[in-house]
Amino acid sequence: MTQNLARTVFLLAHTGRAAAIRSAELVVKGLLRHGIGVRVLEEEARDLPLPDEVHLVKEATPQCLDGCELLIVLGGDGTLLRGAEFARASGVPMLGVNLGRVGFLAEAERDDLDRVVDRVVARSYEVEERMTVDVVVHRNGDIVHTDWALNEAAVQKAGAEKLLEVVLEIDGRPVSEFGCDGVILSTPTGSTAYAFSAGGPVVWPEVEALLMVPISAHALFAKPLVTSPDSVLAVEVLPHILPGVLWCDGRRTVELPPGARVEVRRGAVPVRLARLHHSSFTDRLVAKFALPTTGWRGAPHHSSE
């Protein structure tokens, strides 16, 4: 059907979850009630109890978000990263609602759906840009693959039988060579994802930097490294070993033959995220990881007298 509504929102949901189906129904009805059009992929609509007013889109392309002011994503980390692909390609801000466990990319939880609808209706949100990385794979001097990531590009061994032998490089200079399970090349946004699990530092999102985090390295010096956002990070897979694999955001993968070289630099296109409130990243970190803060007494209180 055709919509002539002045405002339109695109909805992306993990339809394999009952919670996502219920949440999608609530959000759609709330937006339509306030005269905001809703667009949904046809393949997802089959699993959602949607009113006839919803506009169905057949192909999942960046163009399917043309004219949309927001992309609302309902799901866990995997669904949010899928939404980030749409957001980056279209330039439309993504508003994530976490239906999974951690959900650092999400701005709201499932209990906040009424508030999400109200804030969207009132245009009461801000948009921030998150740094991405561009990824290039070379082999024998030729570019054989290009990709990007919001969280991380991970160079990993393809099987369990042997270590991956790599040489690390920063800004055209070698850093170290060792065997490992892999190397994570991460953004600050990704510092709370795979890089965190591998022992990397937590980097506040407003800090512009690149991270290089070895995974289970068999070496004396294999510390996580934090570099300038303008640095070029590279991982070379030594030519005498078995192939490795490259994973971008855990969603897109390509084989890395022996001798492959993976270069990562600051991405040319950011991902835009819609923010509903101004809570600090510190508070988000404490809440997401349920960190103990018992005993904190806060900064000294000064009398107004």
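In this predicted model, the second largest cavity is lined by L168, V175, S176, F178, M212, P214, F221, A222, K223 and L225. Its volume is about 40 Å³. Two elements, β12 (173–180) and β14 (210–215), each give two or more residues to this lining. Strand β12 contributes the most, with three residues. The lining is made up of eight nonpolar residues, one polar residue and one charged residue. K223 is among the lining residues, as are F178 and F221.

The structure contains two cavities of 30 Å³ or more. The largest encloses about 60 Å³ of space. Around the largest cavity lie F104, L105, R130, P188, T189, S191, T192, V203, P205 and F281. Sorted by class, six of these lining residues are nonpolar, three are polar and one is charged. R130 belongs to this lining. So do the prolines P188 and P205 and the phenylalanines F104 and F281. The second largest cavity, for its part, has one polar and one charged residue in its lining.

Helix packing was examined next. Two packed helices are described by the angle between their axes and the distance between the axes. Helix α1 spans residues 18–33 and helix α4 spans residues 113–121. They pack at an angle of about 30°, and their axes lie 10 Å apart. Angles under 35 degrees count as roughly parallel. Helices α1 and α4 are therefore roughly parallel to each other. The crossing of α1 past α4 is right-handed.

Which residues in α1 and α4 meet? From α1, the contact takes in S23, L26, V27, G30 and L31. From α4, L113, D114, V117 and V120 take part. By class, this contact of α1 with α4 holds six nonpolar, two polar and one charged residues. Leucines and valines occur on both sides, with L26, V27 and L31 in α1 and L113, V117 and V120 in α4. S23 and G30 also belong to the α1 side, and D114 to the α4 side.

Note on methods:
Residues numbered from 1 in each chain as written. Predicted model: local features only at pLDDT ≥ 70, side-chain atom pairs only at ≥ 80, totals over all residues. Heavy atoms only, no water. Axes fitted to C-alpha atoms, helices over the stretch in contact; angles between N-to-C directions. Helix = DSSP H or I, 4+ residues; strand = E, 2+ residues; numbered from the N terminus. Parallel < 35°, antiparallel > 145°, perpendicular 65-115°, else oblique. Left-handed = near helix turned anticlockwise from the far one by under 90°. Contact = heavy atoms within 4.5 Å. Nonpolar A, V, L, I, M, F, W, Y, C, P; charged D, E, K, R; others polar. 1 Å grid on protein atoms, 1.4 Å probe; cavity = no way out; pocket = protein on both sides within 12 Å on 5 of 7 lines; lining within 4 Å. Points joined across faces, edges and corners; volume = space filled by probe spheres on them.
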